[in-house]
Each structure stands twice: as structure tokens, then as C-alpha cells.
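Got your viewer open? Here's a tour, one selection at a time.

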Amino acid sequence: MAHPKLRVLCLHGNGCDSEIFKFQLSTLTSKTKDSVEFVFLDGLAPSTMIDPVLLKVFPKTNFNHLQYMTITGVGSKDGMRYEGVDTAVDYVLKAVASLGPFDGLLGFSQGSNLATILIGRAERGMIPKHWRFVITMNGSRSRWADEMLDVFASELQIPSLHVIGEADPLKADTESLTELYSAALRTVLRTAEGHKPTRDQEAVAKICAFLSEQQQAPSHL
């Protein structure tokens with residue numbers, strides 16, 4: 001029996017937009033076009049901190065550079081935190097109401113962190129459960145997570161896949177983010193890449209396999 005297409009909401013990294021993220025994920029989306037519908041959500045405000053390399057590849061004349069949450073505390077001894085978290089959560093929930101339903105969440109960098117916040121709040125009954133699996137790429141646990149002890153009091157009980165770049169300067173924080181998720185339900189993929197959505201063929205194949213498993217799994221939402 002044919003399974004219906006999965007619908008996955010995609011949250012980009014800081015300083016990107018949906019068009020940039022579509023390009024960054026094109027290796028994955030091209031291999032899953034018959035089984036997964038990826039829906040890309042723009043950030044809600046102009047980014048206050050943009051990687052110069054990103055600007056060079058994706059200039060402002062052709063692309064928007066957006067964020068879901070405002071970054072503060074980068075480089076401080078206390079670690080990075082976010083402002084506007086509640087606004088970002090409400091923004092995503094409104095998008096789900098108009099664009100959903102969805103089976104899963106996929107995020108890169110800030111998008112991974114926001115996805116983790118959404119999953120955490122849903123598991124604690126703070127918001128409705130809209131997703132039954134999550135994929136994070138190069139997320140980074142820092143002070144923002146430590147300030148949400150009520151959300152991350154215990155491991156998140158959801159099937160999850162986490163991509164870690166061995167050359168990512170935030171690798172240690174990415175490792176730490178995965179530990180917020182159930183060890184029994186999480187899968188960790190490692191690539192030789194840096195801080196970018198993976199285009200590694202072996203990793204993409206494993207993500208495709210994970211998505212196939214989720215497509216065949218019964219929905220309990």
C-alpha cells in the first residue's frame with residue numbers, strides 16, 4: 001500500500017531565507033521529491049548578525065537575510081541566548097495553522113534550535129503537538145537552553161535525527177543539543193563538513209532512509 005507524502009516544515013539558519021535554504025537542501029529534496037513535501041518558512045525579521053561569507057554567496061540584491069529570533073551574548077562567558085522566543089514560537093504556530101498539517105520539523109542552525117524549543121514546549125503541554133519527528137542540522141545548545149529548564153527537564157521523547165559537522169566550530173554545542181533528545185529515539189550522523197546544511201552523499205542517503213522509516217510509521221498525533 002502506498003504511503004502518503006510526508007510534509008516537513010523547514011526552518012532556516014540565521015541570515016538566510018526560504019530560497020537560500022531550498023538551495024542548501026537541494027541534494028536532499030531532489031532525492032525525496034516523490035515521498036516528501038518540504039515547506040520552507042521565512043524568518044520573521046531582518047537578521048541582526050549575518051555571516052560575511054553568506055552575504056558573498058547570497059547577496060542582498062537577490063536574497064533576504066532573516067532571523068526567527070535575535071541573537072545576543074555571542075562570545076560572552078555566559079553563552080549565546082535568544083530574544084523574541086515567544087514571538088518566534090507564535091509565528092511558527094500561525095504558519096502551521098495556515099500551511100499545515102505537518103508530519104515533521106527540519107531545522108538548520110538557529111532553525112534547529114527553534115525546532116528543539118517547539119518540540120520541548122509541545123512535550124510539556126505548553127503548545128499543541130504538531131510533529132512526530134524532527135531533524136536538526138548543526139544546532140547549538142547554549143545559554144538559551146539553560147534558561148528553559150522547564151522545557152528541557154527531561155529528554156525529548158520523539159524520533160530525531162541530528163547532523164553534526166566534524167569541522168563545525170560549534171561542534172561541541174551541536175553534540176550537547178543532541179543530548180536534549182531521547183538516546184533511545186535519536187540517530188546521530190557525522191560528516192566531515194563545517195557549519196552548513198549537509199550535502200554529503202552518504203549522510204543524505206541516511207536522512208532519506210530516516211524519512212522513509214517515518215513515512216511508514218503510524219501517526220500518533
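## The whole chain

Turn on the surface before anything else: the accessible area of the protein comes to about 10300 Å², and carbon and sulfur atoms account for 53% of that. Keep in mind that this is a predicted model.

Now switch to cartoon. You should find eight helices and ten strands. The radius of gyration is 16 Å, close to the 17 Å that the globule rule gives for 221 residues, so the protein is as compact as a globular protein of that length. If you'd like a box to go with that, the C-alpha trace spans about 50 × 40 × 35 Å along its principal axes.

Colour by burial next, and 51% of the 221 residues count as buried. A contact map is worth a look too: among contacts between residues at least 6 apart in sequence, 79% join residues at least 24 apart.

## Into the cores

Select L9, L11 and W131 and show their side chains. In the largest nonpolar core, which has 37 residues, these three touch the most other members. Then highlight the elements that give two or more residues to this core: β1 (6-11), β2 (36-41), α4 (85-99), α5 (110-123) and α6 (143-146). The biggest giver is α4, with seven residues.

Give the other core a second colour. It lies apart from the 37-residue one and has 22 residues, including C10, F40, L189 and C208. As a bit of background, nonpolar side chains tend to be buried together in soluble globular proteins.

## Strand β9 and its partners

Select residues 160-165, which form β9. Is this strand enclosed or open? Six of the six residues of β9 are buried, so the strand is largely enclosed by the rest of the structure. Show side chains and look along the strand: S160, H162 and I164 point one way, L161, V163 and G165 point the other way, and all are buried.

Add β10 (residues 186-191), which runs parallel to β9 and is joined to it by six bridges. Two pairs make handy landmarks here. H162 stands opposite V188 in β10, while G165 has T191 as its bridge partner.

What comes between the two strands? Select helix α7 (residues 171-178): β9, α7 and β10 make a right-handed β-α-β unit.

Next, bring in β8 (133-137). β8 and β9 pair in the parallel sense over four bridges. One of the places to zoom in is T136, whose bridge partner in β9 is H162. Since H162 also stands opposite V188 in β10, you can centre on H162 and look to both partners from there.

## A stop at T136

Stay with T136, which lies in strand β8. At 2% relative accessibility, T136 counts as buried, the cut-off being under 20%. What surrounds this residue? Leaving aside neighbours within four places in sequence, T136 is in contact with G107, S112, T116, L161, H162, V163, L177 and Y181. Select that set as sticks and you have the surroundings of T136 in one view.

Now draw a distance from the C-alpha of T136 to that of T174: the two are 9.3 Å apart in space and 38 residues apart in sequence.

## Backbone oddities

Three stops remain, so put up the backbone atoms.

- **G100 and P101.** A cis peptide bond joins these two, with omega at about 10°. You'll find P101 in the loop between α4 and β7 (104-108).
- **S109.** Move along to the loop between β7 and α5, where S109 lies. S109 is not a glycine, yet phi is positive at about 55°. With a relative accessible area of 15%, S109 is buried.
- **N138.** Finish in the loop between β8 and α6, which holds N138. N138 has a positive phi of about 55° although it is not a glycine. At 1% relative accessibility, N138 counts as buried.

Definitions and conventions:
Residues numbered from 1 in each chain as written. Predicted model: local features only at pLDDT ≥ 70, side-chain atom pairs only at ≥ 80, totals over all residues. Heavy atoms only, no water. Pairing = 2+ DSSP bridges. Right-handed = clockwise from strand over helix to strand, strands pointing away. Rg over C-alpha atoms; globule rule 2.2 N^0.38 Å. Buried < 20%, exposed > 50% of the residue type's maximum accessible area, 1.4 Å probe, protein only. Contact = heavy atoms within 4.5 Å. Areas by Shrake-Rupley, 256 points an atom, 1.4 Å probe, with all protein chains shown as cover. Core = buried A, V, L, I, M, F, W, Y, C linked by side-chain atoms within 4.5 Å.
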